[in-house]
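Biologist: I'd like to go through this model with you and ask how you back up the words you use for it. Can we put it on the screen?

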Protein chains: 2
Amino acid sequence: MAEKQRRKPGETREKLMNAALTLVGKGRHFASLGIREVTRQAGVVPTSFYRHFRNMDDLGLQLVDELGLVLRRMMREARANVLQADKLIEESVAIFISHARANRSFFMFMAQGLAGESRAVQEGIRSEMRYFASELANDLRRLRLVDHLNDQDLDMTSDLVVRSVAFSLTDLLGVSPDDDYQIEQIRKRTTRFLQLIFVGAANWKSPG
Amino acid sequence: MAEKQRRKPGETREKLMNAALTLVGKGRHFASLGIREVTRQAGVVPTSFYRHFRNMDDLGLQLVDELGLVLRRMMREARANVLQADKLIEESVAIFISHARANRSFFMFMAQGLAGESRAVQEGIRSEMRYFASELANDLRRLRLVDHLNDQDLDMTSDLVVRSVAFSLTDLLGVSPDDDYQIEQIRKRTTRFLQLIFVGAANWKSPG
DNA sequence: CACATAAGTGTACAACTGTGCACAAAGGTC
DNA sequence: GACCTTTGTGCACAGTTGTACACTTATGTG
């Protein structure tokens, strides 16, 4: 069993990932972070970095994995809380916003990574979004809210929903986390976006 | 008239801006560019930089201004070519894609800037998008395609359209500029996104 | 044409960067 | 308890960075 022998460790590893995340949360762009900077923030000697990551891109990739966990937690909570279908959109957007607030740095990293420097990180985040969209499509299918849509159109709708929400991230991260008024505005707007999309889906007729 | 006394010059200035753009086009992230790197690419001595820009953020801001011009050119072309309303969406998306191709670096800079490091650049790009959306709303009003929408709902629709297209940028910039097949896929998908949104707008009833 | 101002160059330096290497302290396995 | 592997440290070094300063060259104005 020479597979996973990191039994206790991963302490510094975690410190480094948190350090990078912290710097991102402070407004720095991930692409501009250096190894020394991150290790300094983590309170570790620079060469320690190489014990866990090959370079900053590698660290970024591992952050994407953790981001996946955060997103999955969010999805689980949404599924648990959205009981009646009529408040589906409001509830989901509210949950999204609350998670984005609680994990601000993570979501900043996500927003940055979409147009980031590392192709691999970019692809990783995009893949997380695809997964998210496909799960959303499954839920919609299960709830039978959009029965008239074929699979392809349902996928398109889910994709558009996820994108719209993701774009709202940019708005959300642009305002102070304490600015309740602005956040409320963003929540309302995002909600209306999704409502508009669903009205479109409800009246959609597949071409042909 | 001591206003604009840069009569002939601005040569190096332009070289520097193009250099930054070129580097971004090569896959680098703007936030990770340094003064020396840019001047090197421009074939200019490092200290020359300060004759034109205070720092990299300043250069970024000036790039946003130029980006505005690019966007306005695109808008003009779209208005000139979209004669009959039935092909409005297809035509507009096609024009967008062709401009994104022709000015790849510029649009990369735009996509990066939305979640970039400089708050000012971020705000600048966002402002360009708002302007774009408001112009789109005007056009839609003029074409009387969505007469039943009040101003606020029309603004929302335009905003969502612009965002969806902007997000497609991320897709577009993620594939090779020569990959015609993938680009065609993105074109089709973006088109359907917009169609879905417009179906939503056509059936939208303002709440209340 | 003289001259002020702007644009561009060269040199210099202290600070910081990534990373290689040798060693020290843990931790688990026999 | 001997031993190996992983994790963390200290030191070193060459390369790069931003920027200050003093200089040369161009350029448009009186």
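Biologist: What makes you call the pair formed by a polar side-chain atom of A:Arg36 and a base nitrogen of DNA strand C a polar contact?

Modeller: The two atoms lie 2.4 Å apart. A polar contact is a pair of N or O atoms within 3.5 Å (within protein, one must be able to donate a hydrogen and the other to accept it, and residues adjacent in sequence count only if both atoms are side-chain atoms), so this pair qualifies. Before we go on: this is a predicted model, where local features need pLDDT of at least 70, side-chain atom pairs count only at pLDDT 80 or more, and totals for chains, interfaces and linings use all residues. Residues are numbered from 1 along each chain as its sequence is written, chains are lettered from A and ligands numbered from 1 in the order in which they are written, and side-chain values use heavy atoms, leaving out hydrogens and water.

Biologist: Which residues are closest to DNA strand C, and how many surround it?

Modeller: There are 17 around the strand, and the closest are A:Arg36, A:Arg40, B:Thr12, B:Arg51 and B:His52. They count as near because one of their heavy atoms lies within 4 Å of the strand. On the DNA side, 42% of the strand C atoms within 4 Å of the protein are sugar or phosphate, the rest base. The phosphates get their own partners: an N or O atom in the side chain of A:Arg40 is 2.6 Å from a phosphate oxygen of strand C, and a polar side-chain atom of A:Tyr50 is 2.8 Å from one.

Biologist: Which helix gives the most to the surface near DNA strand C?

Modeller: Helix 2 of chain A, residues 35-42, with 3 residues. "Helix" here is a DSSP run (H or I, at least four residues; strands are E, at least two), numbered from the N terminus.

Biologist: And where does the largest share of the surface near DNA strand D come from?

Modeller: From helix 2 of chain B, residues 35-42, again with 3 residues. Strand D is surrounded by 20 residues, the closest being A:Thr12, A:Arg51, A:His52, B:Arg36 and B:Arg40. Sugar or phosphate makes up 48% of the strand D atoms within 4 Å of the protein. A phosphate oxygen of strand D sits 2.5 Å from a polar side-chain atom of A:His52, and the same kind of distance for B:Arg40 is 2.5 Å. A:Thr47 goes for a base instead, with a polar side-chain atom 3.0 Å from a base oxygen of strand D.

Biologist: Why is A:Thr39 called buried?

Modeller: Its relative accessible area is 0%. Buried means under 20%, exposed over 50% and partly exposed in between (1.4 Å probe, protein chains only), so A:Thr39 is buried. This residue lies in helix 2 of chain A. Leaving out neighbours within four places in sequence, A:Thr39 is in contact (heavy atoms within 4.5 Å) with A:Leu16, A:Val44, A:Val45, A:Pro46 and A:Phe49.

Biologist: Why does B:Arg72 count as partly exposed?

Modeller: B:Arg72 comes out at 30% relative accessibility, which falls in the in-between class, so "partly exposed" it is. The residue belongs to helix 3 of chain B, residues 56-81. Beyond four places in sequence, B:Arg72 touches B:Glu128 and B:Tyr131.

Biologist: And A:Met75, buried or exposed?

Modeller: Buried: its value is 9%, below the cut-off. A:Met75 is in helix 3 of chain A, and its contacts farther than four places along the sequence are A:Tyr131, A:Phe132 and A:Glu135.

Biologist: How many helices and strands are there in chain A?

Modeller: 8 helices and 0 strands. Buried residues are 50% of the 208 in that chain.

Biologist: How do you know what area is buried between chain A and chain B?

Modeller: The size of an interface is often given as the accessible area lost when the parts come together. Here that buried area (1.4 Å probe, summed over both parts) is about 3,600 Å², with carbon and sulfur atoms giving 62%. A:Arg163, A:Phe167 and A:Leu196 supply 21% of what chain A buries against chain B, more than any other three residues. In contact terms, 41 residues of chain A meet 41 of chain B.

Note on methods. Buried area is the accessible area (1.4 Å probe) that two parts lose on being put together, summed over both.
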